[in-house]
Amino acid sequence: MTPHTDRKDISTAPGAESRPDSGTDPKGLMPRLLHMLARALARQGFDGITRYGNALGALLWHCLPGRRRLAVSAIADHLGVSQQEATRIARESFAHNARSFLEVLLVGQFGFEQTGARLIIDNPDLLRRLAEGDRPVVATTAHLGAWEFMSSLMGQWHLDRPRMVVVRRNSNRTLNDFIFAMRGARGLQVVDHRNAVFTVLKGLKRNGCVGFLVDHNCRRDEAIFLPFLGETAAVNMGPALLAVRAEAEVWPAFMIREGDRYRLYIDEPLDTATLDGDRNDKVEAVCRFYTQAVERAVRAHPEQWFWMHKRWKTRPKHDD
């Protein structure tokens, strides 16, 4: 099943071609070399990216002892497992995270047309509801599983409506431009989080779909502090505030690896138009909603989450 489009629409959608650079002509030696390397790796296909990702994960496991210790400690503390089990989960997470890093090269090759082959839709009825709806949508996900492929699916979504994802800009301009190009390979608009408010609200007012990664640490002035995996964490309230202002539906979704296939999970949505209280109450309710969705997904698939991230770094004022 494909949402509000057919095979012809998919094949002619902007960026539907499998070229990793989405037809761009990068300027400068380093950008050109980066795009050449990307094309070479993308030609290895899904099996090749899996092999390279597993190898890269093993290399990072041995070369980043500080991040290795951080991941093992976080898993043991927040999942309540033994040190041995925490080490096993952490090592697997390094491999999954490395695969996620490389899978951005295949965004242009992955889409709804692979449903039943490489892509499994966990709840087709929910996907149908989402596809047939006429409301603005805030899609929330996490650094879990094959999260880069969410860009592929969103790029094919409602071709007559705005489709965008908000991401944090990389400090290296060459690398940042490259990643933006990869994520936009199937027509998705990639928006820098620093200049996102006006663009996102404009898109949502046109019943668009906007995606956010909502599991990363953030600054205190961006945060609401809520429980996450048994410890208070800084939860970015930006996606919630935008959803409330646009009276959008909030749909948690996650792309989980299962061997050589990928399973799309979609949770029941929260309709912000039905929330009670003032704006602060509503924003907190939305933050709590998508944080709990992420926690359920992480507990179900802990080996596929980004444990090496300092998730609980920002503390409430009274903890200073």
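**Exercise 1. Find which residue stands opposite Ile121, then work out how the two strands pair.**

Solution, working in this predicted model:

- Step 1. Look across from Ile121: the residue opposite is Leu264, which belongs to strand E9.
- Step 2. Place the strands. E1 covers residues 119-121, and E9 covers residues 261-266.
- Step 3. Read the direction: E1 and E9 run in the parallel sense, with three bridges between them.

**Exercise 2. Strand E9 also pairs with E8; find the sense of this pairing and describe the turn that links the two strands.**

Solution, step by step:

- Step 1. Locate E8, which spans residues 249-258.
- Step 2. Six bridges join E8 to E9, and the sense is antiparallel.
- Step 3. Check one bridge for yourself: Ala253 has Ile266 of E9 as its partner.
- Step 4. Now the turn. Two residues lie between E8 and E9, and the two strands form a hairpin. Gly259 sits in this turn, with a positive phi of about 65°.

**Exercise 3. Decide how many disulfides the structure has, and whether Cys218 and Cys287 are buried or exposed.**

Solution, one step at a time:

- Step 1. Searching the whole structure gives zero disulfides.
- Step 2. Try Cys218: its nearest cysteine sulfur belongs to Cys287, 8.8 Å away. A disulfide needs the two sulfur atoms within 2.5 Å, and Cys218 is in no disulfide.
- Step 3. Turn to Cys287: the sulfur of Cys218 is the nearest one, and Cys287 is in no disulfide either.
- Step 4. Apply the cut-off: buried means under 20% relative accessible area. Cys218 has 4% relative accessibility, so this residue counts as buried. Cys287 has 0%, so Cys287 counts as buried too.

How values were computed:
Residues are numbered from 1 along each chain as its sequence is written. This is a predicted model: local features need pLDDT of at least 70, side-chain atom pairs count only at pLDDT 80 or more; totals for chains, interfaces and linings use all residues. Side-chain values use heavy atoms; hydrogens and water are left out. Two strands pair if DSSP finds at least two bridges between them. Helices (H or I, at least four residues) and strands (E, at least two) are DSSP runs, numbered from the N terminus. Buried means under 20% relative accessible area, exposed over 50%, partly exposed in between (1.4 Å probe, protein chains only).
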